[in-house]
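User: I would like a close look at a single part of this protein. Please keep it brisk.
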Amino acid sequence: MKYNGRRNLCKETRGSILWTAEHTSSRRGLIYMQLQELIEYLEQIMPLALAENWDNVGLILGNRTRAIKSVMTCLTIDEAVVEEAIHTHVDCIVSHHPFPFHASKRWTADTPDGRIMLGLLGAQIAVYSPHTAYDSAFFGINRQLAEGLGLQDVEPLYPGRLDATEAMLDGLDASDHASVALDLKRQPRAKQGEQSAKPLLGTGRIGRFATPKSFAELTEQVKDMLQISALPVVGDPEKSIARVAIGCGAADDFIAQAQSRGADALLLGEARFHACLEARARDVALLLAGHYSTERFALCILADRIARKFKGLTVRASAKESDPIRMA
C-alpha cells in the first residue's frame, strides 16, 4: 500500500465503517497455533517497551498456551465487537485500546463493561492490546499518518530509548517495507550497549514537506486522506506549513514539544479547549481529525500484517465497529 500523500489511508464502505479489510484463509489451509506465537510476533513489531508508563498493554485476558485459529482486530472493544467476535468464532481480539483499562471490583451483567467481560470469558476469547506501543512503533500509527501525508525526514517527536531493527518490519508488503527500510540505512550505528544519536523510535512523529503548502491545503489533504467530511482546526488558513508534527488520538500534550521542534502544525485526534488556546498562542496550527479517524485505519493495516505473517490463520478487522461521534 503506497501512500506518499497520493492515496487515502481509509476506504469508504457502506454504513459508518470507514475502513475494513478481511483476510480469510481457505479451510483446507486452516491451522491452529499457540496464542503465544501471535504474541511474540506482535511484540516483535510493536515492542512493549515503547508503551507509555501509564498504559495497560500486552496480553490482558487469556491463556498463552491456548490454540487459536481466528483473530480479529479493532480499535476498541464494545458490546457490538464482542457479539461479532462470538458470532464469527474469533479466538483472540487484538484491540488497540485496552479492555479493561481500569481496575474493577466486580464484573456483572448490570454494566456494559461487565457484559463485555462476561461475553469474552464465556466464549474464551483472548484480548491483546498494543495501544501506545503501536502508536510509537517503527511502522506504527503515527508513522503511517506521516507516510499518508508524504512527509520527508520523519523522526520521533520525542526520541525514545530503542533503536529500530529490520525485524520490526516483518509482515509489511513490499512497497511499505522498501519505503521504511530506507530509514535503517540512515540510522547512525550505535556502539554495543549504546543508543543511536538519532533513534527512529519514540513518541509521536515529525517531518517536513518537500514544498511548503498553506494550512488550508493541508486541511483538505487530511480530509481526503482520512475520508472525513468535516475537520475542526485551529490556525490561519493562509499560514505556510513546512513541518508537521503528528500524535494520533488524544495528543494535545504534544503542543509545546511540537513548537520546540519547529512544527508549523500538529495533526492529532482531539484536543481540550484550553489546549487549543495554547496552540493558538504558540502559533502551532491544529488539525483535530478525530480519535477514531486517526487510529482506526491502522487496525486494518495490522490485520493485513498478521494475515501475511500467518497465512493459515483467519484474520479480519471488525466490520461492526463504528465511530460513536457523528456530525449532526
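Which residues in α1 meet which residues in α10? Please describe how the two helices pack, and then turn to the second largest pocket.

Analyst: Keep in mind that this is a predicted model. Start with the contact itself. From α1 come Leu38, Tyr41, Leu42 and Ile45. They meet Leu302, Arg305, Ile306 and Lys309 of α10. Sorted by class, this contact has 6 nonpolar residues and 2 charged ones, with no polar residues. The charged residues are Arg305 and Lys309, both in α10.

Now the geometry. Helix α1 covers residues 35-45, and helix α10 covers residues 296-309. Their axes lie 12 Å apart, and the helices pack at an angle of about 125°. α1 is therefore oblique to α10. The crossing of these two helices is right-handed.

Next, the pocket. The second largest pocket has a volume of about 390 Å³. Its lining comprises 22 residues. Closest to the centre of this pocket are Glu52, Trp54, Thr132, Asp135 and Ala250. Two elements, α4 (132-136) and β13 (240-250), each supply at least two residues of the lining. β13 gives the most, with 4 residues. Thr132 and Asp135 fall within α4, and Ala250 falls within β13. By class, the lining of this pocket has 10 polar, 8 nonpolar and 4 charged residues. Glu52 and Asp135 are among the charged residues of that lining.

Definitions and conventions. Residues are numbered from 1 along each chain as its sequence is written. This is a predicted model: local features need pLDDT of at least 70, side-chain atom pairs count only at pLDDT 80 or more; totals for chains, interfaces and linings use all residues. Side-chain values use heavy atoms; hydrogens and water are left out. Axes are lines fitted to C-alpha atoms, for helices over the stretch in contact, and angles run from 0 to 180 degrees between N-to-C directions. Angles under 35 degrees count as roughly parallel, over 145 as roughly antiparallel, 65 to 115 as roughly perpendicular and the rest as oblique. A crossing is left-handed if the near helix is turned anticlockwise from the far one by less than a right angle, and right-handed if clockwise. Contact means heavy atoms within 4.5 Å. On a 1 Å grid over the protein atoms alone, a cavity is a set of points where a 1.4 Å probe fits but cannot get out, and a pocket is an open set with protein on both sides within 12 Å along at least five of seven lines; lining residues have an atom within 4 Å of a point. Grid points are joined across faces, edges and corners, and a volume is the space filled by probe spheres set on the points.
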